[in-house]
Amino acid sequence: MKKTALFLSLAALGLGSAFAADPAKINWAKVPVTQVPLFYPGQSTYEWLRSDEHKNAAKEVKRGDACTACHDEESAEKDIGNKIVKGGRLEPTPIPGKSGYKDLKVQAAYDDSNAYLRFQWKTDNPYPGTEHQYLRFDGKEWKVWGFPKLDKPVQQGKEPGIYEDRLSVMLDDGKVPGFNKQGCWLTCHDGQRDNPKQFTKEEVAANPLLTSIKKSDVRKYLPETRTDPSNWKTGKTVEEIAKLKADGHFLDLIQWRAHRSHAVGMADDGYVLEFRLSDSGRDMFSGNSDNATHAPKFMWDEKKVGYKSITALQLHKGDHFLIREQNAVPFDPNAGWKEGDMIPDYLISREDAMGSAADNKAIASWKEGMWTVVIIRPLGLTNDDDKALKPGAVYNVGFAVHDDNITTRGHQVSFEKTLGLGVTKGTKVDINAVKLP
Ligand code: HEC
């Protein structure tokens, strides 16, 4: 079987500016490394942290104290993650063999055009998580095949766990109250997917805020977007939320996705406000399932890659990206499909990505059990859904890795950290981006 080759020239990445460094040529050996411990948080939501279950800490967390004011032991992340991941009050559906802890190596640099954020971590599996869900022909119809490991069909052993690896960065420029102390936990609430008291369809359909923004589930939100931060149903008005956005009260959320963005040398660009939203413009990925028939819209171009579809036997053997402008053709319903034929559930396209959603590029590779990902983000973005990165400034950041075929809360996360861009020696930050020569 032929492999789909990834050719990522500087021009293809859109980084051809005379002032930009060639990210492939940055000498990372000269850039300081910060070790960021990541741990499995289970269902430690905003609400749990403010409850009596969080022993003797509810009052302090409500008051706004930093997590690390108490969780300051050297092994804090390791201890919490390794305990929660095994199951218990904060993890009702443990994943067999999942690691509770990960070391994330972080390095940062910048030049006159871009910031370069480099990440390295070891994967639980002996393969890179570049596969995502498929559409599979069952002899009659095409159905989604493969699910994230916290989903019922995988928990019950009816479906394999298939989901892309991810590296996420949540970033605040100091305008989101409390993010500098409690980081990502501001956004993680009861009612969300895979969290306690998960929403029902009826509840979402009856909710004025979510229906007005055309959403059918509950995802990350900032406390300020609700009249009662602990109750997702109490959303403020769309006008009030627009005012929060205009005042910069939102978080940037950059996600590098091993299937849906990596295939075209990008990371996606989103933000968290009343929901986890995509920036304006268009993402580099879109659903490949036809709304009416559920059959694929595109299949592989046999002339280019040697096959129209794969089967489960090819899983984890090479990359299986379906890229519109490189290796895809419109789906042919009469191509003699057999039971077990599989086509990706998502179509990827560098050409389709546009606007603010297309700001972040990325170069990544997986070698001997380790991902190395460099995210490239232009400095000084002026879109109303971006946080502008500027030399000399300091940001509050949280990091997360989704590893081993999982989504939602099944990640390993960091406590809040600080990222500076070339800040002077007197300013203390966890990660200081160095100016490239
Ligand atoms: C006032 C001190 C204090 C603060 C502030 C605090 N915690 Fe805790 N936390 C504790 C204590 C004490 C425990 C209980 C440890 C135990 O039961 O072994 C705990 C337990 C936890 C646990 C469960 C660990 C387990 O073993 O089940 C998680 C997760 C957690 N905290 C996360 C956080 C996060 C996230 C924040 C910030 C939003 C935070 N904590 C803020 C004191 C604190």
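Where does Asp194 have its place in this chain? Asp194 sits in the loop between helix H7 (179-182) and helix H8 (201-205), and we will come back to its backbone below. Welcome to a predicted model, in which the protein averages a pLDDT of 95. The tour runs from confidence to the iron site, then on to the cores and a few individual residues.

**Confidence and the annotated domain**
- A pLDDT of at least 70 is reached by 95% of the residues.
- Do keep an eye on residues 1-12, where the pLDDT is below 50; this stretch has 25 contacts in the model beyond near neighbours in sequence.
- The UniProt record, an unreviewed entry, places the feature "domain: Cytochrome c-552/DMSO reductase-like haem-binding" at residues 25-414.
- Over residues 25-414 the chain is 15% helix and 25% strand, with the end C-alpha atoms 29 Å apart.

**The iron site**
- Two histidines are the protein donors of the ligand's iron atom: His54 and His71, each through NE2, lie 2.0 Å from it.
- The arrangement is octahedral because the 6 donor atoms around the iron atom of the ligand subtend angles of 86 to 178 degrees.
- His54 belongs to the loop between helix H2 (46-49) and helix H3 (58-63), and His71 to the loop between helix H4 (67-70) and helix H5 (76-84), so the pair ties together parts that are 17 residues apart in sequence.
- The accessibility of the two donors is worth noting if you plan to look around the site: His54 is buried, with a relative accessible area of 12%, whereas His71 is partly exposed at 27%.

**Nonpolar cores**
- The largest nonpolar core has 32 residues, and Leu104, Phe119, Trp121, Leu167, Trp256 and Phe399 touch the most other members.
- Phe399 has contacts beyond four places in sequence with Val36, Leu38, Leu104, Val106, Phe119 and Ser168, among others; its list also includes Val169, Gln412, Val413, Ser414, Lys417 and Ile431.
- A second, separate core of 25 residues includes Met170, Phe199, Val218 and Trp232.
- As general background, nonpolar side chains tend to be buried together in soluble globular proteins.

**Two buried residues and their neighbours**
- Tyr40 is in the loop between strand E1 (34-39) and H2, and is buried with a relative accessible area of 1%.
- Although Tyr40 and Ile80 are 40 residues apart along the chain, their C-alpha atoms are separated by 7.6 Å.
- Beyond four places in sequence, the contacts of Tyr40 include Gly81, Ile84, Val85, Leu150, Arg409 and His411.
- Pro344 is part of strand E13 (residues 342-344) and is buried, with a relative accessible area of 1%.
- The residues in contact with Pro344, leaving aside neighbours within four places in sequence, include Gln133, Tyr134, His259, Trp300 and His320.
- The C-alpha atoms of Pro344 and Lys317 are separated by 15 Å, with their positions 27 residues apart along the chain.

**Backbone points to check**
- Asp194 has a positive phi of about 65 degrees although it is not a glycine; Asp194 is buried, with a relative accessible area of 16%.
- Asn405 is not a glycine either, yet has a positive phi of about 55 degrees.
- Asn405 has its place in the loop between strand E17 (394-402) and strand E18 (412-413), where it is buried with a relative accessible area of 3%.

Terms used. Residues are numbered from 1 along each chain as its sequence is written. This is a predicted model: local features need pLDDT of at least 70, side-chain atom pairs count only at pLDDT 80 or more; totals for chains, interfaces and linings use all residues. Side-chain values use heavy atoms; hydrogens and water are left out. Donors are N, O and S atoms within 2.8 Å of the metal (3.2 Å for Na, K and Ca); water is not among the atoms, so sites may look incomplete. Four donors count as tetrahedral if all angles lie between 85 and 135 degrees; four count as square planar and six as octahedral if opposite donors are over 155 degrees apart and all others between 65 and 115; anything else is irregular. Helices (H or I, at least four residues) and strands (E, at least two) are DSSP runs, numbered from the N terminus. Buried means under 20% relative accessible area, exposed over 50%, partly exposed in between (1.4 Å probe, protein chains only). A nonpolar core is a set of buried Ala, Val, Leu, Ile, Met, Phe, Trp, Tyr and Cys residues joined through side-chain atoms within 4.5 Å. Contact means heavy atoms within 4.5 Å. pLDDT is the predictor's confidence in each residue, from 0 to 100. UniProt positions are given in the numbering used here, feature names are shortened, and annotations may be inferred rather than shown by experiment.
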